[in-house]
Amino acid sequence: MPELPEVETVKIELTDKIIGLEISKVALTRTKMLINITPEYFTSRLEGKRIIDISRRGKYIIVHLLPKIRLVFHLGMTGILIYPYMEKFAKNNSGDIKLKHNHFIFNFNDSTQMVFNDVRRFGKVYLVNDVSEIKGIAHLGMEPLVDEFTPDSFFNILKSNSKKRIKSLIMNQKLIAGLGNIYANEALYRANIHPMRMASSLTHNDAVTLHEQIKHVLNKAIQLKGSTISDGAFRNTEGKNGKFKQEILVYARKGKKCLKCQHLIEMVKIEGRSSFYCPVCQKNNVFHQ
DNA sequence: AGGGGTACCTGCGGGC
DNA sequence: TGCCCGCAGGTACCCC
């Protein structure tokens, strides 16, 4: 579920709230979500450490601790970090956060708690001296919201990956870090580019437009604190919904009218992911099967 | 080399 | 009502 804007939202909120706190005790119930280390090592290395910074790289959240060590979260499809955690979140109401999916509990020296809750358990937790030890991070491509991500740098990525379909390319974390299925669909629709087009078919102008729309949808989504498409999905650290859903133009709108031209939105699978597009606005005039 | 299939998981909504 | 199926914001791996 969580893409760059959702992860950035969590980073911003945690930065406001937990920097300076010291971890007093850690409890966990899902050791499979802990990567390459034992629960004993994890808890013993964390207890007594102080949080000095929070950062984000791609879809990873990095908690910087002193004495130096990094606690890293990947939220998978349904992971959420809740702070401050209160029992009301665990009430069994529909759409509420369910107690049985609380897998990690971090207790702080001020008696507050942070919980990592994850329904599908695709999330991952790491504890490393340096984030480069995490392959998924070491191989990440360019951050789309930094100054170095220019239209020309984007066009260069297209040229050196010309045989990939454009949607596969922009969702490839090794090339651009942070776009997932929702924002890839939305950026392509806004740029009038068919998701099946080969990267080689994009003109420089196409690349400029798509670059602009990628930045636009990501920035807008961060402003609106991410997307919550359905119940039981992304929540911010206080358990509240993101509001980008109201800006979604094409994602999950198969069979509905295009908001620009009234034609029906179609869907095709690309690398196993549902890809929504308007066959009129996003003409695939340069198409290799 | 790109991309299909599969695996990892639980939960929801639609069709019958 | 209940059951079965497909689908879900992610990623890693095997295979052709």
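A polar contact is a pair of N or O atoms within 3.5 Å. The views below show a predicted model, and the term is used in the second legend.

**View 1. The protein surface around DNA strand B.** Twelve residues are shown here by name. DNA strand B is surrounded by Lys32, Lys100, His101, Val119, Arg120, Arg121, Phe122, Lys163, Lys164, Arg165, Ser168 and Glu271. Of the atoms of DNA strand B that come within 4 Å of the protein, 73% belong to sugar and phosphate. Sorted by type, the residues of this surface are eight charged, two polar and two nonpolar.

**View 2. Polar contacts between the protein and DNA strand B.** Three contacts are drawn, from Arg121, Lys164 and Glu271. Glu271 uses a polar backbone atom, which is 3.0 Å from a phosphate oxygen of DNA strand B. Lys164 uses its side chain: a polar atom there lies 3.1 Å from a phosphate oxygen of the strand. In the side chain of Arg121, an N or O atom is 3.2 Å from a sugar or linking oxygen of DNA strand B.

**View 3. The hairpin of strands S9 and S10.** Strand S9 (residues 266–270) and strand S10 (residues 273–277) run antiparallel and are joined by five bridges. One of these pairs Val268 with Ser275 in S10. Two residues stand between the strands of the hairpin, and Glu271 there takes a positive phi near 50°. Glu271 also appears in the previous view, where its backbone contacts a phosphate oxygen of DNA strand B.

**View 4. An open sheet of four strands.** The strands follow the order S2-S3-S4-S8, and their pairing is antiparallel. Strand S2 (50–57) and strand S8 (124–128) are the edge strands, since each pairs on one side only. On average, neighbouring strands of the sheet are turned by 20° against each other, direction ignored. Strands of a sheet pair through backbone hydrogen bonds, either parallel or antiparallel.

**View 5. Strands S3 and S4 within the sheet.** Six bridges link strand S3 (residues 60–66) with strand S4 (residues 69–74), and the two run antiparallel. Ile61 has Phe73 as its bridge partner in S4. In a regular strand the side chains alternate between the two faces of the sheet.

**View 6. The crossing of helices H6 and H7.** Helix H6 covers residues 181–190 and helix H7 covers residues 204–223. Their axes come within 8 Å and cross at roughly 130°. H6 is therefore oblique to H7. The crossing of H6 and H7 is right-handed.

Note on methods: Residues are numbered from 1 along each chain as its sequence is written. Chains are lettered from A and ligands numbered from 1 in the order in which they are written. This is a predicted model: local features need pLDDT of at least 70, side-chain atom pairs count only at pLDDT 80 or more; totals for chains, interfaces and linings use all residues. Side-chain values use heavy atoms; hydrogens and water are left out. A residue is near a molecule or strand if one of its heavy atoms lies within 4 Å of it. A polar contact is a pair of N or O atoms within 3.5 Å; within protein, one must be able to donate a hydrogen and the other to accept it, and residues adjacent in sequence count only if both atoms are side-chain atoms. Ala, Val, Leu, Ile, Met, Phe, Trp, Tyr, Cys and Pro count as nonpolar, Asp, Glu, Lys and Arg as charged, and the others, Gly among them, as polar. Two strands pair if DSSP finds at least two bridges between them. Axes are lines fitted to C-alpha atoms, for helices over the stretch in contact, and angles run from 0 to 180 degrees between N-to-C directions. Angles under 35 degrees count as roughly parallel, over 145 as roughly antiparallel, 65 to 115 as roughly perpendicular and the rest as oblique. A crossing is left-handed if the near helix is turned anticlockwise from the far one by less than a right angle, and right-handed if clockwise.
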